Amino acid sequence: MLLLMVLLLAGTAVSAQEAPIIPEREIVVVDNFTAVPNLTLGLYQYARQCVLEGLAKKRVTVIDVEQEGFGRADIVYPSFRFATANTGRPYDLNRVAAIMNSFTEARWYLTCYISKFNSHPVEHQSKDKDGNPVVKTDYTCTVEAELYLFDRETQATQGPIRWSYTDSGNATMIVAEEDAVSNFAYRARSFVTDNFRFKASVIELGEYNKRGKLQDLYLSCGSDMDVSKGDVFFIYTVSDINGIDKARKIGKVKVREVTGRESCRCTVSNGEAEIDQAFKAGNILVAVSDHDRYF
């Protein structure tokens, strides 16, 4: 909540109507992953690729160290000692410093330790219509991971951020394992919406219904931020009280249509009257992205 308020109040000293807030994509450096030794190299690479693709599809620019000449980690499958070396974190602090010094445009560093991988057959016993025993076998896979996110600006690390997923009822072991690992793409996208919120401005009011109630409005964010239909934003009014910016939530909107690189049309879900009055009065209106409700 504190981070959300810092995001909301930063840089809101001018009227949104005069100088709309144009959000910029955060840059995240993704390092090599580490994993338990029973994960095959192919699935390890697939897991990492799923995370990279999930991150890149929503709001952030991704720098892949493997594509930038840093290469693979020396130990892909670390021992327990290696995985718990630097104050319990499965990554090398010296490597983090070297990577971030090489990518000065990036604020964030991310790595992942795949801490558990288990797949096994499951037998289901039943009887046929004649009462004879029937055994059916399907396959289950459980994968768990720990993410670590380092912030160059604050020098703080979030983590472990734990992911866990079990895929069951599959026809083959390969399908179970691939389906479980592919869940990382979904989790990565959700991770971005939870941890990389951004703010924009209300730049224009839209149409009104027959009763004079505000139906939609436009925000200063669009395809450049991978905004898509159904994305949720909360609307705040920001005011200066004795030299201190204060924010108050007054409504919620959902994206109806992306209208440009830096614009989108939103349906007003609630707060219609307050948004209408505040905008017409020239108040500062800030939209803050919410958790993605549609993943």
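Buried means under 20% relative accessible area, exposed means over 50%, and partly exposed lies in between, with a 1.4 Å probe and protein chains only. This is a predicted model, in which local features need pLDDT of at least 70, side-chain atom pairs count only at pLDDT 80 or more, and totals for chains, interfaces and linings use all residues. Residues are numbered from 1 along each chain as its sequence is written, and side-chain values use heavy atoms, with hydrogens and water left out.

**Exercise 1. Survey the chain.**

Task: State how many helices and strands the protein chain has, and what percentage of its residues count as buried.

Solution.
- Step 1. Helices (H or I, at least four residues) and strands (E, at least two) are DSSP runs, numbered from the N terminus.
- Step 2. The protein chain has six helices and twelve strands.
- Step 3. Of its 295 residues, 42% count as buried.
- Step 4. Now take contacts, meaning heavy atoms within 4.5 Å. Among those in the protein chain with a separation of 6 or more, 68% come from residues 24 or more positions apart.

**Exercise 2. Find the largest nonpolar core.**

Task: Name the residues with the most contacts inside the largest nonpolar core, and the elements that each supply at least two residues of this core.

Solution.
- Step 1. A nonpolar core is a set of buried Ala, Val, Leu, Ile, Met, Phe, Trp, Tyr and Cys residues joined through side-chain atoms within 4.5 Å.
- Step 2. The largest one has 34 residues. Leu 55, Ile 114, Phe 117, Trp 163, Phe 184, Phe 191 and Phe 196 have the most contacts inside it.
- Step 3. At least two residues of this core come from each of β1 (26–30), α2 (41–56), β4 (108–127), β5 (133–151) and α5 (173–195).
- Step 4. Another core, of 23 residues, lies apart from it; Phe 198, Leu 205, Cys 264 and Cys 266 are among its residues.

**Exercise 3. Follow the rings around Trp 163.**

Task: Describe how Trp 163 pairs with Phe 184 and with Phe 191.

Solution.
- Step 1. Rings of Phe, Tyr and Trp (its six-membered ring) pair if their centres lie within 6.5 Å; planes under 30 degrees apart count as stacked, over 60 as edge-to-face and the rest as tilted.
- Step 2. The whole structure holds five aromatic pairs.
- Step 3. The ring centres of Trp 163 and Phe 184 are 5.5 Å apart and the planes are at 70°, so this pair is edge-to-face. Trp 163 is in strand β6 (residues 156–170) and Phe 184 is in helix α5, 21 residues apart.
- Step 4. Trp 163 and Phe 184 are both buried.
- Step 5. Trp 163 and Phe 191 also form an edge-to-face pair, with 6.4 Å centre to centre and 70° between the planes. Phe 191 is in helix α5, 28 residues from Trp 163.
- Step 6. Trp 163 counts as buried because its relative accessibility is 4%. Phe 191 counts as buried because its relative accessibility is 4%.
- Step 7. Trp 108, Trp 163, Phe 184, Phe 191 and Phe 196 form one aromatic cluster.

**Exercise 4. Check helix α2.**

Task: Compare the expected span of α2 with the distance between its end C-alpha atoms, then list its buried residues.

Solution.
- Step 1. The expected span of a helix is 1.5 Å times one less than its number of residues.
- Step 2. The 16 residues of α2 should therefore span 22 Å; the end C-alpha atoms are 23 Å apart, which agrees.
- Step 3. Leu 43, Tyr 44, Ala 47, Arg 48, Cys 50, Val 51, Leu 52, Gly 54 and Leu 55 are buried in α2.
- Step 4. Their cover includes β1, β2 (34–35), β3 (60–64), β4, β6 and α5.

**Exercise 5. Classify three residues.**

Task: Decide whether Thr 140, Ile 22 and Gln 155 are buried, partly exposed or exposed.

Solution.
- Step 1. Thr 140 is in strand β5. Thr 140 is buried because its relative accessible area is 11%.
- Step 2. Ile 22 is in the loop between α1 (2–9) and β1. Ile 22 is partly exposed because its relative accessible area is 37%.
- Step 3. Gln 155 is in the loop between β5 and β6. Gln 155 is exposed because its relative accessible area is 55%.
- Step 4. Gln 155 has phi near 60°, a positive value in a residue other than glycine.
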